[in-house]
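Me: I am new to this structure and would like a close look at a single part of it. Please take the division of one chain into domains as the starting point, and then go through the pieces around it.

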Amino acid sequence: MTVDADGAVTAPGPGSLDGQPGPRAELIQLLTPEGERVEHPDYPLDLTTDQIKSLYRDLVLVRRIDTEAIALQRQGELGIWASLLGQEAAQVGSARALGPRDMAFPTYREHGVAWCRGLDPVKLLELFRGVSHGGWDPAEHHFHLYTIVIGAQTLHATGYAMGIQRDGQVGESGEAVIAYFGDGATSQGDVNEAFIWASVFNAPVVFFCQNNQWAISEPLERQSRIPLYQRARGFGFPGIQVDGNDVFGCLAVTRKALQAAREGQGPTLIEAYTYRMGAHTTTDDPTRYRLASELEAWKLKDPVERVKAFLVRTGSADAAFFDGIDEEAAQIGRHIRKACLEMPDPAPLAIFENVYTEPTALLRAEREQYAAYLDSFVSEEAR
Amino acid sequence: MTALTLSKALNEGLRKALEDDPKVIVMGEDVGKLGGVFRVTDGLQKDFGESRVVDTPLAESGIVGTAIGLALRGYRPVCEIQFDGFVFPAFDQIVSQLAKMRLRSLGRVSVPVVIRIPFGGGIGAVEHHSESPEALFVHTAGLRVVACSGPADAYTMIQQSIRCDDPVIFFEPKRRYWDKEEVDTGSGLDAALPLEAARTVAAGDDVTLLAYGPMVRTCAEAAVAAREDGRSLDVIDLRSLSPLDLGTIVASARRTGRCVIVHEAPVTGGIGAEIAARVTEECFYQLEAPVLRVGGFSTPYPPSRLEEHYLPDLDRVLDAVDRTFAY
């Protein structure tokens with residue numbers, strides 16, 4: 001145990017570990033912050049220029065959607081927004097590793113995954129505007145509803161994966177599931193139970209943890225004394241740490257883990273080491289608990305800029321390409337703004353719908369009474 | 001017709017459901033080789049295999065959470081929570097996830113999960129093994145909550161619950177597991193009383209006596225005893241606690257003018273309180289006495305040497321019946 005000059009006590013880590021949950025030497029990275037491509041023997045990745053451009057497009061558009069949504073919240077059009085700023089590569093890389101039949105179980109911040117699964121971003125605005133609690137069809141895009149209670153969806157993902165096993169859909173052309181969650185969620189019982197279930201039943205699920213360093217105001221050190229990916233070993237399956245701001249790395253690592261799951265090799269924990277560059281949500285003020293210098297350091301590792309640097313460095317894209325993407329981003333921004341402003345509130349009596357398969361007698365009665373109550377104002381006004 | 005215990009009737013009902021629908025999965029702690037601590041799932045794993053009758057790791061949130069995932073994949077999981085007091089680690093998955101998935105998806109997603117919970121006291125058990133937490137689930141919209149009281153209903157109600165596309169919390173009166181009754185396992189569900197309907201157990205004109213689960217037998221015995229005093233009790237087994245069959249309840253209360261509700265759970269904030277409010281609203285001019293409740297005290301469940309004082313019994317039920325005539 002050591003005591004520093006301020007009197008803060010630091011306990012040593014267990015065994016050979018240093019008791020710090022940060023990045024490790026084995027962190028996988030295929031694209032440096034400067035946009036330099038590096039090879040990794042276990043994660044070969046052969047992308048065409050068009051594929052790389054497509055990933056860049058995803059990153060830019062997803063960031064634009066996020067920026068527009070924050071603006072809409074600031075103007076009072078959304079109740080709240082959970083920004084993904086800084087996590088674009090982790091989300092796009094992992095989501096682009098999914099096959100059409102694979103199923104994703106998101107938290108409430110996976111706007112980039114939603115985009116890659118083909119969900120109209122306007123559906124996300126419905127939730128944050130307060131028009132619905134989600135409302136999209138998970139089967140249509142193989143993208144489950146946002147789950148707000150931290151970690152709960154990891155169990156749903158694992159159960160769904162157990163269903164894949166029972167359907168006989170494990171094998172080379174099988175299906176897999178990806179469960180998204182954050183560093184804070186790793187402290188939840190549900191996440192640990194999901195690890196146990198997935199492990200003992202060898203379920204085809206990939207646990208994709210976006211370690212963005214902050215659970216609202218609580219730093220990673222409050223959740224763990226070891227790197228999160230190392231937790232997997234205790235549950236009996238592999239854990240990998242990848243540069244979460246490297247879209248190539250996230251794609252390669254997730255692709256391999258998904259294929260292992262599909263082929264019956266069971267779960268993998270991926271820790272995408274990234275940073276929440278914005279606030280937890282639009283109601284949060286990170287200046288109360290973290291230093292500006294930390295954000296500045298992470299800005300140098302920006303997930304979008306490094307792909308742009310790669311494209312420029314390799315002469316793969318010209319100014320017209322980047323201008324075209326920017327114009328497309330502006331169009332999407334206009335699209336979601338317009339859709340948000342035109343979004344009608346649900347009818348009051350919608351409260352009574354979709355509680356049960358069929359409304360119960362009690363719900364029918366309450367609905368009828370409330371409708372009559374509302375009508376009483378209409379008829380008074382008419383008089 | 002064969003005479004079955006309640007435990008065996010549930011076993012036969014689960015067996016029928018497993019036979020009828022390959023998507024039905026039974027899961028929980030010790031439900032496989034052991035056949036459940038109350039033997040409700042006895043022999044099912046042997047006949048249907050380990051992927052359909054699943055011994056799970058020992059974590060209730062995991063049981064319900066993975067059941068939700070299986071249901072999202074098209075399965076119909078039937079979870080066993082080993083004892084009433086053990087359901088709370090799964091409370092978030094039940095209340096925040098299972099109950100709300102349909103609304104969250106605007107009706108696009110069904111989660112047909114059944115959660116079986118042996119409930120109630122009277123078996124001399126240690127803490128957490130004798131509780132009656134049903135009101136907590138009745139308070140949660142999106143869940144159906146039912147309680148069987150005898151073998152014949154147990155056999156049909158478990159099958160109806162499994163077929164239901166809404167999530168169902170299925171309470172089993174653990175001290176009645178070994179009660180026997182003739183069960184018609186030959187007839188299908190079409191002839192059965194709907195899951196949400198109450199059942200009149202003993203017809204009478206003087207007092208409406210409402211109960212469910214373990215208290216139904218107690219109330220039926222009270223009706224026999226009351227007859228000796230010249231009082232005829234209309235005993236109704238509620239069966240469904242959410243939704244309530246208010247039509248049956250209100251019709252009886254209007255006719256008798258007196259209403260007593262009996263449950264093991266604490267009366268404060270309980271099912272009896274809800275029914276008392278409804279009956280008062282609907283039967284105000286017909287009532288001859290306030291609606292009375294007989295139930296557990298507003299205390300935690302006591303150590304088992306005291307449970308006979310906590311649990312409503314025949315005399316406490318009759319005492320309440322007497323009190324309704326004092327107005």
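How many Å separate the centres of domain 1 of chain B and domain 2 of chain B, taken over C-alpha atoms?

Reply: The centres of domain 1 of chain B and domain 2 of chain B, taken over C-alpha atoms, are 26 Å apart. This is a predicted model, in which local features need pLDDT of at least 70 and side-chain atom pairs count only at pLDDT 80 or more, while totals for chains, interfaces and linings use all residues. Residues are numbered from 1 along each chain as its sequence is written, and chains are lettered from A and ligands numbered from 1 in the order in which they are written.

Domain 1 of chain B covers residues 2–183 and domain 2 covers 199–324; such bounds come from an automatic or database domain assignment. Between them, 23 residues of domain 1 of chain B are in contact with 21 residues of domain 2 of chain B (contact: C-beta atoms, placed from the backbone, within 7 Å). On the domain 1 side of chain B, the elements that give two or more residues are α6 (134–138), β6 (144–147) and β7 (168–173). The largest share of that side, 4 residues, comes from β6(B). By class, the domain 1 side has 10 nonpolar, 7 polar and 6 charged residues. Here Ala, Val, Leu, Ile, Met, Phe, Trp, Tyr, Cys and Pro count as nonpolar, Asp, Glu, Lys and Arg as charged, and the others, Gly among them, as polar.

Now the chain as a whole. Chain B has 12 helices and 14 strands (helices are DSSP runs of H or I with at least four residues, strands runs of E with at least two, numbered from the N terminus). Its radius of gyration is 19 Å, close to the 20 Å that the globule rule gives for 327 residues, so chain B is as compact as a globular protein of that length. That radius is taken over C-alpha atoms, and the rule is 2.2 Å times the number of residues to the power 0.38. Along its principal axes, the C-alpha trace of chain B spans about 60 × 40 × 40 Å. Of the 327 residues in chain B, 57% count as buried. A residue is buried if 20 or more other C-beta atoms lie within 10 Å of its own, exposed if 12 or fewer, and partly exposed in between, with C-beta atoms placed from the backbone. Among the contacts in chain B with a separation of 6 or more, 79% are between residues 24 or more positions apart.

Within the range of domain 1, strand β4 (residues 76–80) of chain B has 5 of its 5 residues buried, so it is largely enclosed by the rest of the structure. Arg76(B), Val78(B) and Glu80(B) point one way from β4(B), while Pro77(B) and Cys79(B) point the other way. β4(B) pairs in the parallel sense with strand β2 (residues 24–28) of chain B over 5 bridges (two strands pair if DSSP finds at least two bridges between them), and Val24(B) stands opposite Arg76(B). Strand β5 (residues 114–119) of chain B also runs parallel to β4(B), joined by 3 bridges, with Cys79(B) opposite Ile115(B).

Within the range of domain 2, helix α9 (residues 246–256) of chain B has the buried residues Ile249(B), Val250(B), Ser252(B), Ala253(B) and Thr256(B). Seen down the axis of α9(B), they fall within an arc of 165 degrees, so they line one face of the helix; the arc is that of the directions from the helix axis to the C-beta atoms. What covers them includes β10 (207–211), β11 (233–237), β13 (259–266) and α10 of chain B. Just after α9(B), Gly257(B) takes a positive phi of about 80 degrees.

Ala273(B) is in that helix α10 (residues 271–283) of chain B. With 17 C-beta neighbours inside 10 Å, Ala273(B) counts as partly exposed. Leaving aside neighbours within four places in sequence, Ala273(B) is in contact with Val267(B) and Arg293(B). The C-alpha atoms of Ala273(B) and Ala147(B) are separated by 18 Å, with their positions 126 residues apart along the chain.

Definitions and conventions: Two residues are in contact if their C-beta atoms, placed from the backbone, lie within 7 Å.
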